[in-house]
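This report concerns side-chain contacts and surface features. The sequence and the structure are shown first.

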Amino acid sequence: MKMITELRQKSQITIPKGIVTKLSLQEGDKLEIYEENGVIHIVPVDVYPVGYIEGLKNEIKRLRKETGTDK
């Protein structure tokens, strides 16, 4: 789905409603924005606290040791 939007004051854009609906985006969702080879990418992302991620890493390490699959 391609649509045209306009760059507004303070470098703001509006994401067209069709895209918001298709991706089930909601106010407050986090979006990663980056440029690559002249193309602007906007990607929805999930953000988790660092402590949560560290806990998951530790759990994975523990499970790998228990199952003998640690590398």
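The sections below treat salt bridges, an aromatic pair and a nonpolar surface patch in turn.

## Salt bridges

The model is a predicted one. A search of the whole structure yields three salt bridges. They are listed here with the separation of the closest N and O atoms.

| Salt bridge | Closest N and O atoms |
|---|---|
| Lysine 57 and glutamate 54 | 3.6 Å |
| Glutamate 59 and arginine 62 | 2.4 Å |
| Arginine 62 and glutamate 66 | 2.3 Å |

Lysine 57 and glutamate 54 belong to helix α2 (residues 50–67), where a spacing of three residues places them about one helical turn apart. Both partners are partly exposed: lysine 57 has a relative accessible area of 43%, and glutamate 54 has 36% relative accessibility.

Glutamate 59 and arginine 62 also lie in helix α2, three residues apart, which corresponds to about one turn of the helix. Arginine 62 and glutamate 66 are four residues apart in helix α2, again a separation of about one helical turn. Glu59, Arg62 and Glu66 are thereby linked in a network of salt bridges. Within this network, glutamate 59 is partly exposed at a relative accessible area of 34%, and arginine 62 is partly exposed at 36%. Glutamate 66, by contrast, is exposed, with a relative accessible area of 58%, because the threshold for that class is over 50%.

## Aromatic pair

The count of aromatic pairs comes to one. The ring centres of tyrosine 48 and tyrosine 52 are 5.3 Å apart and their planes meet at 25°, so the pair is stacked; the cut-off for stacking is under 30 degrees. Each ring belongs to a partly exposed residue, the relative accessible area being 47% for tyrosine 48 and 45% for tyrosine 52.

## Nonpolar surface patch

Leu7, Ile13, Leu31, Ile33, Ile40 and Ile42 make up a nonpolar patch on the surface, and together they have about 590 Å² of accessible area. Strands β1 (30–36) and β2 (39–45) each contribute at least two residues to this nonpolar patch.

Which strand holds isoleucine 40? Isoleucine 40 is located in strand β2. Its relative accessible area is 64%, and isoleucine 40 is therefore classed as exposed.

Methods. Residues are numbered from 1 along each chain as its sequence is written. This is a predicted model: local features need pLDDT of at least 70, side-chain atom pairs count only at pLDDT 80 or more; totals for chains, interfaces and linings use all residues. Side-chain values use heavy atoms; hydrogens and water are left out. Rings of Phe, Tyr and Trp (its six-membered ring) pair if their centres lie within 6.5 Å; planes under 30 degrees apart count as stacked, over 60 as edge-to-face and the rest as tilted. Buried means under 20% relative accessible area, exposed over 50%, partly exposed in between (1.4 Å probe, protein chains only). Patches are made of residues with over 30% relative accessible area and no salt bridge: like charges are joined within 9 Å, nonpolar side chains (Val, Leu, Ile, Met, Phe, Trp, Tyr) within 5 Å. Accessible areas come from the Shrake-Rupley method with a 1.4 Å probe; for residues, only the protein chains shown count as cover. A salt bridge is a side-chain nitrogen of Lys or Arg within 4 Å of a carboxyl oxygen of Asp or Glu.
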